[in-house]
Amino acid sequence: MINPIAPKIINVMPPLSKSEQAIRAASIGVRALADEQQVLRYVINVGDAVKNKLDALYPRGCVLASVGRSPSLLAKYLELQGKEVKYCPISDLKDLCNSEQIPSGFLIEYRKFLDRIGLTDKFIKETLKPIVFTDYTFQGLSLRNFELMLKRIGIFAGPKVHFRPINGNIYGLPGILQLHTEDKALNHSVTQLLTMRLGKKYTPIPRLPWTTQPSEVSGILNSPPSAASKRMNDLMTDFLEHVGRLSPLYK
């Protein structure tokens, strides 16, 4: 008896999205590890959502001021696409009971740093773009204390200055993203990248606690980025180039 010919089984994989194709191509170019590829996916998911919301809120553009390390990787992703970004390294502001706790010597050195990056009282008053200070914060304390710290330095927030947490409305501060949505991929990416802090390893800025000795502030602020940060920067650059969104400044 002749056995019937078994039907040929063809495994058809769903086609990769353009974004995933670009991630794969960038990862090969940088020889990225699996965890780096995953962090890149989280950055893309959250970064694109932040960019879209900022573009909707500020159609004529804005200056994004990244406070601390939490949002800095997302800020770099947006900067590579042409967004004007200022980085404000500062840590542990959520632990302050009162901004008066910050030593005056630290504030003097920090004022010098803000002058160097062009984030001055004059710039804030004269720029035509809104300035959006952002952080990933649970109670809004880091942004509130940063605003009070700026006042002590002599930089006063005017009507064009907005303090917006990345992760939604918190204690009267209007957020950039509203995370109580059905977008499970976005919620998961925020949880992994920001809540679980998987992006901290790749942050482009140093950690600068407000308790840092004044004599050490300049050295920390001038420290070079880590090797992990450089690799993630290369990954983001390659990805954005593959999808045609890399700013000409970085080509």
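Ala, Val, Leu, Ile, Met, Phe, Trp, Tyr, Cys and Pro count as nonpolar, Asp, Glu, Lys and Arg as charged, and the others, Gly among them, as polar. This is a predicted model, in which local features need pLDDT of at least 70, side-chain atom pairs count only at pLDDT 80 or more, and totals for chains, interfaces and linings use all residues. Residues are numbered from 1 along each chain as its sequence is written, and side-chain values use heavy atoms, with hydrogens and water left out.

**Exercise 1.** Sort the lining of the largest cavity by class.

*Solution.* Start with the term: on a 1 Å grid over the protein atoms alone, a cavity is a set of points where a 1.4 Å probe fits but cannot get out, and lining residues have an atom within 4 Å of a point. Next, list the lining: Arg69, Ser70, Ser72, Leu73, Leu193, Leu194, Arg197, Gly199, Lys200 and Thr203. Now sort them, and you get three nonpolar, four polar and three charged residues.

**Exercise 2.** Compare the expected span of helix H4 with the distance between its end C-alpha atoms.

*Solution.* A helix here is a DSSP run (H or I, at least four residues), numbered from the N terminus. Its expected span is 1.5 Å times one less than its number of residues. For the 13 residues of H4 (residues 104-116) this gives 18 Å, and the end C-alpha atoms are 19 Å apart, which agrees.

**Exercise 3.** Find which residues of H4 are buried (under 20% relative accessible area, 1.4 Å probe, protein chains only).

*Solution.* They are Phe106, Leu107, Glu109, Tyr110, Phe113 and Leu114. Looking down the axis of H4, these buried residues fall within an arc of 165° (taken from the directions from the axis to the C-beta atoms), so they line one face of the helix.

Technical notes:
1 Å grid on protein atoms, 1.4 Å probe; cavity = no way out; pocket = protein on both sides within 12 Å on 5 of 7 lines; lining within 4 Å. Helix = DSSP H or I, 4+ residues; strand = E, 2+ residues; numbered from the N terminus. Buried < 20%, exposed > 50% of the residue type's maximum accessible area, 1.4 Å probe, protein only.
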